[in-house]
Structures are given as C-alpha cells and as structure tokens.
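Trainee: Before I trust any labels on this one, can we go through how each gets its name?
Mentor: Sure, pull it up and ask away.

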Amino acid sequence: MNRQCLLLGLDGASFDYLEPLIREGVMPFLGRFFASAARAPLQSVVPPLTPPAWTSLVTGRSPGRHGIFDFAAPEGPGSLFQRMISSRDLSGETLWSIANRHGRRATALNFPAMHPPPAVDGCVIPGWVPGRWIRRAVRPAELFDRLKKEADVQVEALGYWPDQESKAIEGCRREEYEPWIRLHIEREREWFRALRYLMTADPTDLTAIVFDGADKLLHLCWTSIDPRSAPEPSEAPFVHLRGLCLQYFRELDSFLEALVGLAGPETTVVMASDHGFGPTDTLLSLNTWLAENGFLVWASDGPHNGEAERVHYATHEIIRGLDRARTQAVALMPSANGIWLLKDGERWREGFDSDEYRSLRVRLVEGLLDARRPDTGERVVRRVWTREEIFAGPFFERAPDLTVELVDSGHVSVARNSRAVTVRAQVMGCHRPLGVFAIGGPGVRGGAQLGVRSILDVAPTILHAMGLPIPAAVEGHVVEEAFERDWRQAHPVVHERAGAAPDAENGSGEEMDAQSREQIARRLKALGYMG
Amino acid sequence: MDQPTKEQVFNDLVKIIRDLAEDWEFSGEITPDTTMLGDLSFESIDAVALASAIEELYGQSFPFAEYFSQLEERKIEDLRVQDVVDFIHGHLQPAETKG
C-alpha cells in the first residue's frame with residue numbers, strides 16, 4: 001500500500017506563541033499532536049517571507065534555485081516595474097509534481113506561486129488569487145462547481161482582496177478590526193470545508209494545505225494574541241479583540257483535529273510553517289533613508305505623505321516619483337526588504353565586478369548598519385545581504401541587489417515618510433526566521449525534540465515518509481532523526497540520480513546537467529559573483 | 001507561425017475578456033471602442049488576470065505594469081479595448097525569440 005502524507009501548513013506559526021495558546025487550553029489538539037510528534041524549530045529562508053518560504057518548503061530548493069523571491073518580480077530583465085508572481089516564475093519540481101511522477105495523486109490548497117494552476121493529477125486551488133477570478137484558477141476546472149454544489153463551499157471567499165490584505169501591514173481604524181478578523185475566520189472555515197470535502201470525496205496520496213489567516217491576524221493584532229506586548233491588557237477593546245483572535249485559533253485547532261482524524265493513523269502528518277512571528281515597534285522607511293543619505297532623489301512632483309506614515313506604495317508610484325538619472329538605489333516592495341541599484345537611470349545589469357558597483361554596495365551596507373532608533377540610539381539593521389550571499393542559483397538576477405535584515409526581522413516601509421526611522425504608535429507583529437516543524441505517524445519518534453532544521457528539509461522528509469526517492473535537485477536533507485531506528489533501517493533514504501527528473505515545473509526543461517551548471521558558473525563569474 | 005494580425009489579437013482579447021467577465025455576468029457587445037473600466041466593469045485587480053491570460057495565450061511576457069503605470073498619467077478610465085490590442089500587437093515577439 002502506498003504510504004500517504006498530510007501536510008498542514010500553518011502560515012506564520014511559531015512555538016513562541018503557540019505554546020502559550022496550548023497552555024491556555026485554546027489549542028488542545030495541537031498540544032496533543034506536538035506531544036506525540038517529533039518536532040523542531042524550522043529555519044526559514046532569507047528574508048522569511050511567504051512566497052519564497054512556502055516555495056522552498058514544497059520544492060526543497062532555495063530561492064535562487066526555484067525563482068520565487070517576493071510577491072512580485074521584475075517585469076523584464078532590465079525593468080524596475082514589478083508584476084505579481086505566477087506559477088510560471090517557479091522552476092523545478094514541487095512535492096505534487098514529484099508525487100505525480102511516481103504515480104501518486106496530490107492535492108494542494110492555498111500555496112503561493114500556484115496560479116495559473118500547474119498540470120497536477122489531483123486538485124489545486126492556488127493561494128493569493130483574487131476572489132473575483134478564482135473560478136478560473138482551480139484545477140480541475142469542474143472543481144469550482146463541485147465545491148459549490150456538493151460541499152456548499154463559498155469558493156470566491158477563498159480568494160483574497162487587496163484592499164483588505166493591505167490592512168495587515170498598513171493598519172486600520174479601530175472599528176475595522178472586528179470585521180477584518182471575522183473575514184479571516186470565515187475564510188479559514190471555507191478552506192477547511194473544501195479540504196474536508198476533497199479528503200472524503202477524492203482522497204489523494206499527498207494532501208497539502210496552507211492555513212494563512214494566522215499570519216494576517218498576527219501582523220495586525222499581535223498585541224491581542226501575545227498579551228505580553230499589550231500596553232493595557234485589561235482594557236475592554238483589547239479583551240474583545242483577543243477573544244476574536246482566540247476564536248480563530250480555537251477553530252483552527254478543531255480543523256486540524258478533524259483533518260488528522262480524516263487522514264487516519266497510517267498517514268504521516270506534517271505540520272510546518274513558512275516562518276515564525278514576533279513583535280516589532282520600529283519602522284525603517286527605506287526610501288526615506290536612501291534619500292536622506294544621497295542614494296535616492298525624488299522628482300519635484302514625487303509622492304509625499306505629509307505627516308502620515310505609510311508602509312506601502314504601488315511600485316509605479318515610486319518609479320514615477322523618482323529622479324531616476326540622479327538615483328542610485330531604490331526599494332520597491334515593503335515585503336522582501338530589497339534594494340535595487342540603478343546606473344544612469346536604469347537597473348544595474350552588468351559590471352557587477354566593477355569598483356563602482358562594489359563601492360556603492362559597501363557604502364549602502366555601512367550606512368544602513370548605522371541607522372538608529374531615534375529614542376534609544378540602537379541600531380535597527382542587523383545585516384545587509386548581497387544577492388550572491390542568499391540567492392545563489394540560476395535565478396539570482398531576478399533578485400534585488402541588497403536585502404536588508406532588520407534587528408527585529410520586520411518589514412521596511414517603501415513610502416516617502418517624514419523620517420527614516422520611527423517608533424510605531426502600536427506594536428505590530430512581524431515575521432521571524434524560526435517557524436515550526438512537527439511530524440507524526442508511522443515510524444516517527446513521538447515526543448522527540450530536535451534541533452533547528454532547515455525549511456529545505458521538509459520536502460525531502462515528506463517524500464521519504466511517502467516512500468519516494470529524493471530528486472537530485474533537492475537541496476534539503478531528510479530529517480532522519482525524526483524516525484525510529486528500526487523504521488529507518490527498514491526504510492533507507494533513496495536518492496534519484498541526477499538527470500532522472502524534469503527540472504522545470506512545466507516539463508519544458510531537463511534536470512540541470514553539467515553543461516548547464518557550467519554555463520551558469522561562467523555567467524556568475526562574468527557578473528563578478530564567483531572567483 | 002505567422003505573427004497574429006491586429007484583428008486576430010482583437011478576437012483573442014475579446015475571448016479572454018468574455019471568459020474573465022463571466023464571473024460578473026457581462027454579456028454586452030465588445031467593440032474596439034468599448035472601454036475596459038467603464039463598459040466592462042474591469043477593476044484594477046483584473047489587470048493582473050488579464051495580463052496573465054494574455055501571456056499564457058501568446059507564451060511570452062508583456063510589460064503590462066509599465067504600460068498601466070503610463071496610463072495612469074492619462075485617464076485610465078478611457079482605456080479602450082483597441083488600446084490594449086495595439087499594446088499587445090506592438091509587443092508581440094517573433095516565435096523564435098520567445099523565452
């Protein structure tokens with residue numbers, strides 16, 4: 001009999017706040033599951049961001065090798081303009097395509113970079129698809145009507161609505177909190193109903209879902225979920241909002257219990273997150289900092305907020321607002337904290353080994369590392385990464401030249417705010433590098449607490465648990481210590497030879513051969529990225 | 001394969017729009033002068049879906065974000081179907097250069 005796996009993705013999950021919720025009795029099932037599972041903190045990618053992190057989790061590859069770096073990507077090789085990512089940006093096999101290749105069917109719900117849906121034998125409902133056109137996004141096409149008619153799922157509610165999502169990082173008025181939290185509670189119910197129906201009516205060997213409401217709530221309502229950060233925890237509005245947030249987690253716990261029950265005791269269950277969460281009270285307005293330090297020049301009619309502080313601008317607002325000829329560096333998205341370098345008004349595309357390029361980067365890095373909070377004088381930037389440090393691989397040219405890691409791992413603002421570094425009026429939640437990994441089921445060392453593992457290790461561990469070989473292109477490693485010794489001896493890890501698997505998701509490519517690797521190496525060297 | 005004519009691009013675009021607009025039950029006639037926002041009730045988020053469907057059909061990328069950003073300097077409300085046809089046709093790549 002084929003060994004099956006259920007992957008329950010918990011967007012933004014961290015032991016730091018889940019364990020208090022378990023102790024309070026909010027998530028009793030999760031407490032029992034963790035106690036019976038092998039678990040480990042899970043190191044995310046840099047930056048710890050939803051699209052690259054989930055993609056790494058389901059491919060076992062780092063962003064430079066799967067091609068997803070952010071919610072958006074440059075529109076062309078030399079363009080500053082950004083468009084939303086799609087499944088066409090994702091290169092390499094996913095868990096579902098690997099499973100299919102071995103004759104196993106798969107279900108994948110709510111993962112990013114899955115639209116247009118890939119040709120999977122099974123079911124796909126991509127995440128991050130606007131509700132207005134989700135009908136066209138499901139695979140197989142008739143699934144939309146089946147879910148509505150046979151399971152009474154409000155499929156449009158599975159989609160996202162940009163005006164609503166932006167509140168997670170921009171904040172919202174007090175009266176908007178409750179309907180916004182309820183929106184996410186209701187959307188999670190629909191995802192659960194959709195998966196419950198599929199697991200009953202059309203079960204597959206690999207079943208995977210991302211529950212992402214927690215991420216949204218944690219951004220905006222961190223102080224309601226983690227009372228340690230709340231200024232006045234006994235205040236009535238706080239108590240009310242906390243109650244709503246805890247309702248979300250109670251319901252999520254019941255969904256997890258029901259799905260694990262449906263999967264049955266012979267199914268391996270993996271719970272994992274794309275990143276963790278923690279508090280942030282600092283806001284670095286990256287473009288404002290770049291302007292203050294002479295790296296960016298706004299046009300005379302460039303954007304301006306006045307005294308109001310914002311986090312996000314549409315990318316074209318930023319680009320149109322620049323004096324491009326005099327601008328050397330700009331931040332375009334508030335999600336991945338990236339800085340794009342310009343030369344003569346265009347993206348820097350060659351001469352990466354020149355003194356001019358290297359010197360510009362050094363000046364930016366040194367300056368940013370000295371950016372400080374106005375109240376305490378403490379540094380706000382932990383590290384500035386070059387793209388060859390974190391995005392090595394065939395797709396690194398799609399990545400920003402520099403990536404800023406803040407001390408609290410938070411996101412930057414790209415808006416033209418009045419000051420470069422400010423202390424937020426309210427503590428918010430932001431991503432942290434350590435998420436969760438827990439595995440339960442046949443052969444698992446129940447109760448084992450393991451050291452930190454990489455997010456790249458999740459995909460090979462799932463494949464191994466399903467009895468499938470690990471493709472050569474997978475960078476991660478099977479978490480073998482999660483399994484009992486006897487089981488390991490009976491089920492050794494099997495690796496595929498290089499060239500055995502198609503390299504591209506759409507099947508248009510072949511496994512990267514020695515010649516391709518050599519070409520990439522030559523290209524990297526030409527760009528100054530290899531010695 | 002020969003490069004599609006503007007007429008073929010128009011027909012392709014009408015098919016895509018009809019498919020996309022099915023969800024908000026648009027059933028009127030689509031002409032070159034039909035406006036995307038006013039007549040077809042397109043919303044800004046639909047531009048992403050439209051671009052994605054067009055790119056899938058022609059198997060190439062188009063600089064839609066840059067195009068739409070330039071439009072905002074004029075009045076995006078005036079964007080006609082023919083304007084989008086002209087943009088697509090002007091950026092079609094010969095088959096041998098598509099990446």
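Trainee: Why is A:R326 called exposed?
Mentor: This is a predicted model, and in it A:R326 has 55% relative accessibility. The cut-off for exposed is over 50%, so A:R326 counts as exposed.

Trainee: What makes A:R326 and A:D323 a salt bridge?
Mentor: Their side chains meet at 3.1 Å, N to O. The limit is within 4 Å, so the pair qualifies.

Trainee: How do you know whether A:D202 is buried or exposed?
Mentor: A:D202 sits at 17% relative accessibility. Buried means under 20%, so A:D202 counts as buried.

Trainee: And which residue does A:D202 form a salt bridge with?
Mentor: With A:R105, the closest N and O atoms being 3.0 Å apart. A:D202 lies in the loop between α9 and β7 of chain A, and A:R105 in the loop between α5 and β5, so the pair ties together parts that are 97 residues apart in sequence. A:R105 itself is partly exposed, with a relative accessible area of 25%.

Trainee: Why are A:R372 and A:D370 called partly exposed?
Mentor: A:R372 has a relative accessible area of 40% and A:D370 has 46%. Partly exposed runs between 20% and 50%, so both labels fit. These two also form a salt bridge, at 3.0 Å between the closest N and O atoms.

Trainee: How many salt bridges are there over all chains?
Mentor: The count comes to 31. Between domain 1 and domain 2 of chain A, though, the count is zero.

Terms used
Residues numbered from 1 in each chain as written. Chains lettered and ligands numbered in written order. Predicted model: local features only at pLDDT ≥ 70, side-chain atom pairs only at ≥ 80, totals over all residues. Heavy atoms only, no water. Helix = DSSP H or I, 4+ residues; strand = E, 2+ residues; numbered from the N terminus. Buried < 20%, exposed > 50% of the residue type's maximum accessible area, 1.4 Å probe, protein only.
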